[in-house]
Amino acid sequence: LCLNWPMGVGLVWLASVLIGFLGWVLMGTLGRLRAWRNRRSGKVRKDVHDNRLSVPSPAVETLEDISVPPPLVVSFDAPSQVLSSRGEPADEHEWPRLAKAVLKHTPARIRAGGHVRWSLLYSTDRDGCSLNTLYRKAAEISSREESVLLIRDESGACFGAFCTQRWQKRPMYYGTGETFVFKLKPEMEVFSWSRRDSFFQLARKDFLALGGGPTSRGDVQGFALRLDSELLQGTTSESGTFRNPPLSNDPEFKVVVAELWSVEPGRRSTLSKKLD
């Protein structure tokens with residue numbers, strides 16, 4: 001037994017060395033696994049070998065990774081006379097710029113493709129002053145019903161409305177909450193649905209109108225915009241539907257030009273204007 005004592009010590013030493021080596025390997029493996037997990041989770045990690053702190057580099061987005069919507073393109077099948085003044089032609093860049101400003105407030109479905117086609121359905125300059133003619137021209141909209149009504153009066157004010165349903169004679173109000181009225185000049189202002197009532201479009205034999213309901217002063221009725229049967233005279237006032245002020249400088253105005261445009265997604269035409 002005494003003779004085997006040195007051999008026993010050697011075996012114990014060898015076993016301790018082997019256990020220490022296996023422990024070192026295991027600890028190193030666990031450290032590398034922990035560092036890999038920290039890198040995957042984006043946390044600060046401590047390098048096991050050189051004892052230095054390091055932070056994983058953030059991912060860099062390239063231009064290809066960022067989805068940028070294309071610039072809006074509008075096209076017109078005819079020039080507008082609403083923005084002209086005293087017989088002078090309108091600035092060729094002003095009308096596309098204002099058209100884009102109006103489209104900004106229209107439903108996204110109209111602008112989804114990046115192209116919007118404006119088609120002149122009716123103009124008092126081209127088709128004569130008749131509400132019945134406007135109704136007849138509006139009935140020619142085949143694919144979509146949305147339209148924009150534009151007016152310039154004797155004071156030089158330009159204003160109008162975006163309408164979601166076709167203009168046609170009906171006994172009651174109709175339309176949707178996407179309808180809005182606006183001013184183009186002297187400053188661009190948009191007045192959306194107030195959600196107080198549903199008096200959007202009213203198309204009668206002897207007049208057309210937008211808006212109504214009690215005003216902020218408690219008045220029983222206030223049309224945001226009303227045009228007579230000859231499209232020569234109009235009125236504008238506060239309305240509960242859009243909470244708008246009068247759209248013209250004069251509550252009772254004389255129409256110089258009135259136009260009705262259809263707006264729908266479409267391809268760029270000869271008169272297209274690209275808006276940056």
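In the predicted model, a salt bridge joins the side chains of Glu178 and Arg109, with an N to O distance of 2.8 Å. The two residues lie 69 positions apart and belong to distant parts of the chain: Glu178 sits in the loop between S6 and strand S7 (180-185), and Arg109 in helix H3. Glu178 is partly exposed, at 33% relative accessibility, and Arg109 is likewise assigned as partly exposed, with a relative accessible area of 40%.

Arg109 also forms a salt bridge with Glu146, where the closest N and O atoms are 3.2 Å apart. This pair too links distant parts of the chain, since Glu146 is placed in the loop between H5 and S5 and Arg109 in helix H3 (residues 108-111), 37 residues away. Glu146 has a relative accessibility of 5% and therefore counts as buried, the cut-off for this class being under 20%. A further salt bridge is found between Asp127 and Arg126, at 3.2 Å from N to O. Both of its members are partly exposed, Asp127 at 23% relative accessibility and Arg126 at 46%. Through shared partners, Arg109, Glu146 and Glu178 are joined into one network of salt bridges. In total, 7 salt bridges were counted, against 0 disulfides. Of the cysteines, Cys129 is partly exposed, with a relative accessible area of 38%, and Cys158 is buried, at 1%.

Glu146 is also among the contacts of Ser262, a residue of strand S13. Ser262 is buried, with a relative accessibility of 5%. Beyond its neighbours within four places in sequence, Ser262 touches Arg117, Trp118, Ser119, Leu121, Ile141 and Ser147, in addition to Glu146.

The secondary structure consists of 5 helices and 14 strands. Of the 276 residues in the protein, 39% are buried. Among contacts between residues at least 6 apart in sequence, 61% join residues at least 24 apart. The largest nonpolar core contains 31 residues, and those with the most contacts inside it are Leu134, Leu149, Ile151, Trp167, Leu210, Leu225 and Leu227. Elements contributing two or more residues to this core include helix H5 (131-138), strand S5 (147-153), strand S10 (207-210) and strand S13 (252-265). A second, separate core has 25 residues, among them Leu72, Val74, Leu83 and Val116.

Within the largest core, Trp167 is one of the residues with the most contacts. Its partners beyond four places in sequence include Leu134, Tyr135 and Ala138, as well as Leu208, Ala209, Leu210 and Leu260. Tyr135 is also a contact of Arg204, which lies in the loop between strand S9 (201-203) and S10. Arg204 is partly exposed, with a relative accessible area of 33%. The other contacts of Arg204 outside its sequence neighbourhood are Leu131, Lys169, Arg170 and Pro171. Lys169 is 35 residues from Arg204 along the chain, yet the C-alpha atoms of the two are separated by 5.2 Å.

Helix H2 (residues 94-103) is mostly covered, with 7 of its 10 residues buried. These are Glu94, Trp95, Pro96, Leu98, Ala99, Val102 and Leu103. On the surface, Leu18, Phe21, Leu22 and Trp24 form a nonpolar patch with about 500 Å² of accessible area together. Leu18 of this patch belongs to helix H1 (residues 5-41). The accessible surface of the whole protein is about 16500 Å², and carbon and sulfur atoms account for 56% of it.

Methods. Residues numbered from 1 in each chain as written. Predicted model: local features only at pLDDT ≥ 70, side-chain atom pairs only at ≥ 80, totals over all residues. Heavy atoms only, no water. Patch = residues over 30% accessible without salt bridge, like charges linked within 9 Å, V, L, I, M, F, W, Y side chains within 5 Å. Areas by Shrake-Rupley, 256 points an atom, 1.4 Å probe, with all protein chains shown as cover. Salt bridge = Lys/Arg side-chain N within 4 Å of Asp/Glu carboxyl O. Helix = DSSP H or I, 4+ residues; strand = E, 2+ residues; numbered from the N terminus. Disulfide = S-S within 2.5 Å. Buried < 20%, exposed > 50% of the residue type's maximum accessible area, 1.4 Å probe, protein only. Contact = heavy atoms within 4.5 Å. Core = buried A, V, L, I, M, F, W, Y, C linked by side-chain atoms within 4.5 Å.
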